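Let's take a friendly walk through a protein model. Keep the picture beside you as you read, and look for each part as it comes up.

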Amino acid sequence: MNIPMLLQHPHRDFLKVLLRTLYRRYHFILPSSTHLRSGIPCAQPFSSLGLHHAKRMLPSNGLTRKLCLQTTLKEQTEGLSDKEQRLVDELYTGLIQGQRACLAEAITLIESTHNRKKELAQVLLQKVLVRHREQEKLNKGKPLAFRVGLSGPPGAGKSTFIEYFGKMLTERGHKLSVLAVDPSSCTSGGSLLGDKTRMTELSRDMNAYIRPSPTRGTLGGVTRTTNEAILLCEGGGYDIILIETVGVGQSEFAVADMVDMFVLLLPPAGGDELQGIKRGIIEMADLVAITKSDGDLVVPARRIQAEYVSALKLLRRRSGVWRPKVIRISARSGEGITEMWDTMKEFQDVMLASGELTAKRQKQQKVWMWNLIQENVVEHFRTHPTVREQIPLLEKRVLRGALSPGLAADLLLKAFKSRD
């Protein structure tokens, strides 16, 4: 479900009711002349809906009202108990001091589904974000860390590559954080979390931090809190963040919206099954690395490299200053790994100099804001008592063919609005 589509004119009253529920302590004035466009501008999401906050009225011609919905760090911390405040302060202090245990506990906090813990997590994140902005100013506006997304089909050698690559980076004085997202079971919710067990040497390196996280069924193989975990890792002093995603498919689009550079790892003998995903992969990748390019696989690796080089020429470039490259590497022999890192640094330098990297990060923040809004809006709608009671009944009628899915959706939306 696409939130901009959900919030179009036919269901604009649904959003108004939802906002009254989510922000009960605010009084909203809803002009009858409100009209929604096809999408909602991120900079003024409430004012564009005609929703205005009555706490602070700034009259202009007797009609104009401006929304005042600014949440400051001070306002966030006012509602915390002394115990909660101490917990947030201890986690924050330990995090910025580089204590791995505090980083692990902080990520656990943001992954929690408990409502109160989610509120504490946002207070902690806001504190980290304030410091993060101050540090970036001291760094002349340059990012504090290099965010790299890694993906590829099973068997591409992602974990083997990360261990070799990570050891090389830590030996050069970098601090590396690896966020490895594992698929969860749809039935039990469990996850094998096997990446950490496969990176035995890197997991013992004190300059590396590996955090396996289950997807909990999240579309795209990236957890909703991965973006926040990146911020915490950067707050902990890690200057290179690797995000390993699940499989090949929707995950590329999810991880591309949270990293500076997206790297695709492909095995040299994948066969024809790669053809079905080639275009989507190439369109998102800033760098394609053909793995296991050693021994008997050198010849097929060269062939695959040539095919992808040709494919890149047929696609429109996403960047005005960078053309995606295709290289061959071997984590077993180490061939091409150093050259790969040089290429990644070249990408970072070129994107920074052009200003594209800064613009890309700003756009990513907007994308993830709307992703989280979409998730929370749908969850709030599904758990509302009136809607929850009618969902099973309407689902049965849809399954029998007695009711169209569109009409069922309209009935549920009306049920949600009618409670007020």
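## Starting at a turn: G237 and helix α10

Our first stop is G237, which comes just after helix α10 and takes a positive phi of about 95°. Keep in mind that this is a predicted model, and look back from G237 along the helix itself.

Helix α10 covers residues 226–235, and 10 of the 10 are buried, so the helix is largely enclosed by the rest of the structure. The buried residues of α10 include T226, N227 and E228 at one end and C233, E234 and G235 at the other.

## A partner for α10: H132

Which residue of helix α6 can we visit next? H132 lies in α6. With a relative accessible area of 7%, H132 is under the 20% cut-off and therefore counts as buried.

H132 and E234 are 102 residues apart along the chain, but their C-alpha atoms are separated by 8.0 Å. If we set aside the neighbours within four places in sequence, H132 is in contact with L144, L231 and E234. Two of these names should look familiar: L231 and E234 are among the buried residues of α10.

## Strands side by side

Now find strand β3, residues 146–151, which is joined to β6 by 5 bridges, with the two strands running parallel. One place to see this pairing is F146, which stands opposite I240 in β6. Strand β3 also pairs with β7 in the parallel sense, over 4 bridges. Here G149 has F262 of β7 as its bridge partner. From β7 you can step on to β8: these two pair in the parallel sense over 4 bridges, and L264 has V288 in β8 as its bridge partner.

## Covered on both faces

In a regular strand the side chains alternate between the two faces of the sheet. With that in mind, are the two faces of β6 covered or not? Both are covered. I240, L242 and E244 on one side are buried, and so are I241 and I243 on the other. As 5 of the 5 residues of β6 (240–244) are buried, the strand is largely enclosed by the rest of the structure.

Strand β7, residues 261–266, is also mostly covered, with 6 of its 6 residues buried. On one side sit M261, V263 and L265, on the other F262, L264 and L266, and all of them are buried.

## Two helices that cross

Next, look for helix α7 (residues 158–171) and helix α14 (residues 337–354). They pack at an angle of about 70°, and their axes are 11 Å apart. That angle makes α7 roughly perpendicular to α14.

Which residues make the contact? From α7 come F161, Y164, F165, M168 and L169, while α14 brings I337, T338, M340, W341 and M344. Sorted by type, the residues of this contact are 9 nonpolar, 1 polar and no charged.

## Two lysines in loops

Most residues other than glycine have a negative phi, and most peptide bonds are trans. Two lysines are worth a look with this in mind. K140 has a positive phi, near 60°, and is not a glycine. K140 lies in the loop between α6 (115–138) and β3, and its relative accessibility of 77% makes it count as exposed.

K292 also has a positive phi, of about 55°, although it is not a glycine. You can find K292 in the loop between β8 (287–290) and α13 (298–314). Is K292 buried, partly exposed or exposed? It is partly exposed, with a relative accessible area of 36%.

## The whole chain, and how far to trust it

Stepping back, the chain has 17 helices and 9 strands. Of its 420 residues, 45% count as buried. Among contacts between residues at least 6 apart in sequence, 73% join residues at least 24 apart.

How confident is the predictor? The chain averages a pLDDT of 76, and 70% of the residues score at least 70. Confidence is highest in α14, at 95, and lowest in strand β1 (residues 28–29), at a mean of 40. Over residues 23–70 the pLDDT is below 50, and this stretch has 81 contacts in the model beyond near neighbours in sequence. The pLDDT is also below 50 over residues 184–193, a stretch with 16 contacts beyond near neighbours in sequence.

Notes: Residues are numbered from 1 along each chain as its sequence is written. This is a predicted model: local features need pLDDT of at least 70, side-chain atom pairs count only at pLDDT 80 or more; totals for chains, interfaces and linings use all residues. Side-chain values use heavy atoms; hydrogens and water are left out. Axes are lines fitted to C-alpha atoms, for helices over the stretch in contact, and angles run from 0 to 180 degrees between N-to-C directions. Angles under 35 degrees count as roughly parallel, over 145 as roughly antiparallel, 65 to 115 as roughly perpendicular and the rest as oblique. Contact means heavy atoms within 4.5 Å. Ala, Val, Leu, Ile, Met, Phe, Trp, Tyr, Cys and Pro count as nonpolar, Asp, Glu, Lys and Arg as charged, and the others, Gly among them, as polar. pLDDT is the predictor's confidence in each residue, from 0 to 100. Buried means under 20% relative accessible area, exposed over 50%, partly exposed in between (1.4 Å probe, protein chains only). Two strands pair if DSSP finds at least two bridges between them.
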